[in-house]
Amino acid sequence: MQLSDSTSIRRLLESGGFTFKKSLGQNFLIDPTVCPAMAEAACDEQTGVIEIGPGAGVLTAELAKRAKRVVSIELDERLRPVLKKTLSGFDNIHLIFADVMKTDLKKVIAEEFADCKKITVCANLPYYITSPIIMMLLEERLPIESITVMVQKEAAERLCAEVGSRAAGAVTVAVRYYAKGEILFSVPSGSFMPPPKVDSAVIKLNICDTPPVSVKDEKRFFSLVKAAFAQRRKTLCNTVSNTLKVEKSVLQNALSEMGLEATVRGEALTIEQLAELSDRLW
């Protein structure tokens, strides 16, 4: 079966009584060039790959052709008969029907990839849960080398933006703390069935061995980052003071000691400056 053929996939889905659920952000890839490119960027024959949301198995098949082993985690049980058919020719795929946000990925890695030289994540992520999944993967500090994912184009630009640029947000800083991101290529909406209302992009997050900055307290650092971007039209002093209940005079003194104006906005600070400010405040 040609997994990138929309007619074939639609017939297969319909034969199993499958209907698309908007609540699950289900859009299946039908562009024959995208999944091979994603798989090439994500793995080689020595790699163990965790895939999130295999859908009809289009990306799964391309990963299985190149990787040593693939573990695909799918939330929707209705896709079980579909995936059984589309992936029947592979013996290096393990399907797990579960919510990835509730799955013990460290246990999965230990049980499935002991003989793999490296481990990566590759996925076509539902737009509605992109950031939570990416942050979960990063914050768990899993023994993975990289995360290659397709996300909404706007999200891709924010996730991979330079900290200190106008495109950056709190999630940009959080991602940069754990990884270095790059946009690999864009994917137009017509590459999906049904087509979403926005274009997408494939990004790769290369996990850092150590964070680019050292902070005294990670929890407080991330609280500061979140507060700094909470109200983008306000100055950093105002939004951090209001959100974290820090005296403005304390903030102003810390910024002054760093050579920054009291009117600076959070988006203008580099990750190094945010780390220094966090350490000065606590």
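How many aromatic pairs does the structure hold? The structure, a predicted model, holds 5 aromatic pairs. The legends below describe close-up views of this model.

**Figure 1. Stacked rings of Tyr-178 and Phe-222.** Tyr-178 and Phe-222 form an aromatic pair with 6.1 Å from centre to centre and 10° between the planes. The pair counts as stacked because planes under 30 degrees apart fall in that class. Tyr-178 belongs to helix H8 (residues 170-178) and Phe-222 to helix H9 (residues 218-228), so the pair links distant parts of the chain, 44 residues apart, with both helices taken as DSSP runs. Tyr-178 has a relative accessible area of 9% and is therefore buried, whereas Phe-222, at 22% relative accessibility, is partly exposed.

**Figure 2. Aromatic cluster with Tyr-178 and Phe-222 among its members.** Ring pairs join Tyr-177, Tyr-178, Phe-221 and Phe-222 into a cluster. The stacked pair of Figure 1, Tyr-178 with Phe-222, has both of its residues in this cluster.

**Figure 3. Lining of the largest cavity.** Searching the whole structure gives 1 cavity of 30 Å³ or more. The volume of the largest cavity is about 30 Å³. Its lining includes Ala-228, Phe-229, Gln-231, Arg-232 and Lys-234. Arg-265, Gly-266 and Glu-267 also line the largest cavity. By class, the lining residues divide into 4 charged, 2 polar and 2 nonpolar.

**Figure 4. Surroundings of Thr-235.** Thr-235 is placed in the loop between H9 and helix H10 (236-244). Is Thr-235 buried or exposed? Thr-235 has a relative accessible area of 17%, so this loop residue is buried. Leaving aside residues up to four places away in sequence, Thr-235 touches Ala-262, Thr-263, Val-264 and Arg-265. Of these contacts, Arg-265 is also one of the residues that line the largest cavity.

**Figure 5. Packing of helix H10.** Which residues in H10 are buried? Leu-236, Cys-237, Thr-239, Val-240 and Ser-241 are buried in H10. Against H9, helix H11 (248-257) and helix H12 (271-281), the buried residues of H10 pack. Lys-245 comes just after H10 and has a positive phi of about 60°.

How values were computed: Residues are numbered from 1 along each chain as its sequence is written. This is a predicted model: local features need pLDDT of at least 70, side-chain atom pairs count only at pLDDT 80 or more; totals for chains, interfaces and linings use all residues. Side-chain values use heavy atoms; hydrogens and water are left out. Rings of Phe, Tyr and Trp (its six-membered ring) pair if their centres lie within 6.5 Å; planes under 30 degrees apart count as stacked, over 60 as edge-to-face and the rest as tilted. Helices (H or I, at least four residues) and strands (E, at least two) are DSSP runs, numbered from the N terminus. Buried means under 20% relative accessible area, exposed over 50%, partly exposed in between (1.4 Å probe, protein chains only). On a 1 Å grid over the protein atoms alone, a cavity is a set of points where a 1.4 Å probe fits but cannot get out, and a pocket is an open set with protein on both sides within 12 Å along at least five of seven lines; lining residues have an atom within 4 Å of a point. Grid points are joined across faces, edges and corners, and a volume is the space filled by probe spheres set on the points. Ala, Val, Leu, Ile, Met, Phe, Trp, Tyr, Cys and Pro count as nonpolar, Asp, Glu, Lys and Arg as charged, and the others, Gly among them, as polar. Contact means heavy atoms within 4.5 Å.
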